[in-house]
Amino acid sequence: MVTRLSASDASFFGLEDSSTPMYVSSLVILRKPRGGLSYESLLATVEQRLPQIPRYRQKVREVALGLARPVWVDDREFDITYHVRRSALPSPGSDAQLHELVARLGSRALDKTRPLWEMYLVEGLARNRLAIYTKSHQALVNGMTALEIGHVIADRSQKPPMFGEDIWIPAREPGDAQLLLGAVGEWIARPGAQIAAVQSAVTEMATNSGELLEVGRRFSAAARTFARGTAPSSPLNAKVSRNRRFTVASAKLEDYRNLRARYDCDVNDVVLAVIAGALRNWLLSRGEPVAPTATVRAMAPMSVYPDEELDSSGPGQAISEVSPFLVDLPVGEGNAVVRLSQIAHMTESHPTAASLVDARTIVTLSGFAPPTLHAMGIRVATTYPARQFNLLITNVPGAQKQMYIAGTKLLETYAVPPLLNNQVLAIGVTSYNGMLYFGINADRDAMSDVDVLPSLLRESLDELLEAAQ
């Protein structure tokens, strides 16, 4: 089946460069079962779930002369063993070695002649653990008709559900001439629409009254964003190289909930305040001048839950919208409680704050929603000029119960958000099973000291906890 890429998908596919590839990545840590998790078991699990994510068996074909957007076509030579791979650390592999591997894998380009994703089963990790690293192109995941693969391979019980036999017969791939004729036909039938579609992502949405309303909402959000002007000058903004550093942090969700209750705010406010405190101390550790009024502007997309979607069904239920949100983190403020108060005030004034998705909502979703929600947050952030914010922070809620992949306990889950143009740091936060997990992705050259951030996050949280006593 041939389907033309949406305008936004086409922009993700065509506008990335080698230093800022648009990948949606995640790292999950598993408890190695007594009999081990075989590569064959993971392969079978992924293969069973592919019917839920049909784009993962499709590749992108471009149209000659750029006369139309590229198209999705079935990959008649699809080979799942090319996409699901094995890797190993020198046993016993340390977390630092795993993070170095993730940084290297995240820097590698995907093969654009094949479906745009890879998955690695990483063995040899110390303390009887395994890891799975997944990388998908942003064009693959829109959160509605196309979910991230990590969303569908996780289960609520140790015994995976039964799936019917998948008989997939790839459609015949069109030739270059056929694609060109199709593009010419569209130009003849709807020349005005084709010009607009090539130039703008808005036309892709504006096909009925409901979508026109959504266009209006996005224009309103864009107007509010552009009114903020460019972001303040920061060492977080520099030329991005091709190489990465990756590290992680974790904390008890209960600590954040206690602070939420103590200061009558939202868990997301506490997360942003903790990150603000960590960034303040990072700047000071570098000897950077930090004025009392200094701020760092973050794009922190909010997962929202429109009322009209409450009764919807299907794999994308209840996660149909992510709203952009710019927040000026008060890194110049020395008092942790005042920082939290300022952030909570900004969040409360955000027009979609009343409809935020919380962890209880996500528990009702099929599968494991965080990978898809992170992808949607990244998608929203990239619709705005990178010069308008200093860094990207995605924070999404996950199931607060034990999840499994191929019958194996899922212990930890980390987003690996991409770096945007001239932004050397991105943070993805995921709540899961009573914990918060921070995935911290950075440019290898500009942020060689990124490994200090986990301890600075801990110190920032402790500062708030002490003040709350």
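**Reading salt bridges, a sheet and a helix**

User: I see that the side chains of E463 and R339 meet in a salt bridge (3.4 Å, N to O). What counts as a salt bridge?

Analyst: A salt bridge is a side-chain nitrogen of Lys or Arg within 4 Å of a carboxyl oxygen of Asp or Glu. This one links distant parts of the chain, with E463 in helix α15 and R339 in helix α12 (residues 336–348), 124 residues apart. Helices (H or I, at least four residues) and strands (E, at least two) are DSSP runs, numbered from the N terminus. Keep in mind that this is a predicted model, where local features need pLDDT of at least 70, side-chain atom pairs count only at pLDDT 80 or more, and totals for chains, interfaces and linings use all residues. Residues are numbered from 1 along each chain as its sequence is written, and side-chain values use heavy atoms, with hydrogens and water left out.

User: Is E463 buried or partly exposed?

Analyst: Buried means under 20% relative accessible area, exposed over 50%, and partly exposed in between (1.4 Å probe, protein chains only). E463 is partly exposed at 30%, while R339 is buried at 2%. Elsewhere, D9, R55 and R379 are joined into one network by salt bridges that share partners.

User: How many salt bridges are there by this rule?

Analyst: The count comes to 16. One of them pairs R129 with D95, their closest N and O atoms being 2.8 Å apart. R129 sits in strand β7 (residues 129–137) and D95 in helix α4 (residues 95–107), 34 residues apart. R129 is buried, with a relative accessible area of 5%, and D95 counts as partly exposed at 30%.

Then there's R244 with D443, another salt bridge (3.9 Å, N to O). R244 is in strand β9 and D443 in strand β18, so the pair ties together parts that are 199 residues apart in sequence. Both ends are buried: R244 at 8% and D443 at 1%.

User: What is the order of the strands in the open sheet?

Analyst: Two strands pair if DSSP finds at least two bridges between them. Here 6 strands form the open sheet, in the order β9-β18-β17-β14-β10-β13, with mixed pairing. At the edges stand β9 (244–252) and β13 (326–329), each with a single partner strand, so one side of each has no neighbour in the sheet. From one strand to the next, the twist averages 25 degrees.

Take one pair as an example: β17 (residues 425–432) and β18 (residues 435–443) are antiparallel, over 8 bridges. Within that pair, V429 stands opposite F438 in β18.

User: Which strands does helix α15 lie across?

Analyst: Helix α15 (residues 453–468) lies across β9, β17 and β18, and runs at about 25 degrees to β9. Axes are lines fitted to C-alpha atoms, for helices over the stretch in contact (heavy atoms within 4.5 Å), and angles run from 0 to 180 degrees between N-to-C directions.

User: How many residues does helix α11 have, and what span is expected?

Analyst: The expected span of a helix is 1.5 Å times one less than its number of residues. Helix α11 (residues 267–285) has 19 residues and reaches 27 Å from its first C-alpha to its last, close to the 27 Å expected. It's mostly covered, with 16 of its 19 residues buried. At the N-terminal end, D266 acts as a cap, with a side-chain oxygen 2.8 Å from the backbone nitrogen of N268. After α11 comes G287, whose phi is positive, near 75 degrees.

Conventions: A polar contact is a pair of N or O atoms within 3.5 Å; within protein, one must be able to donate a hydrogen and the other to accept it, and residues adjacent in sequence count only if both atoms are side-chain atoms.
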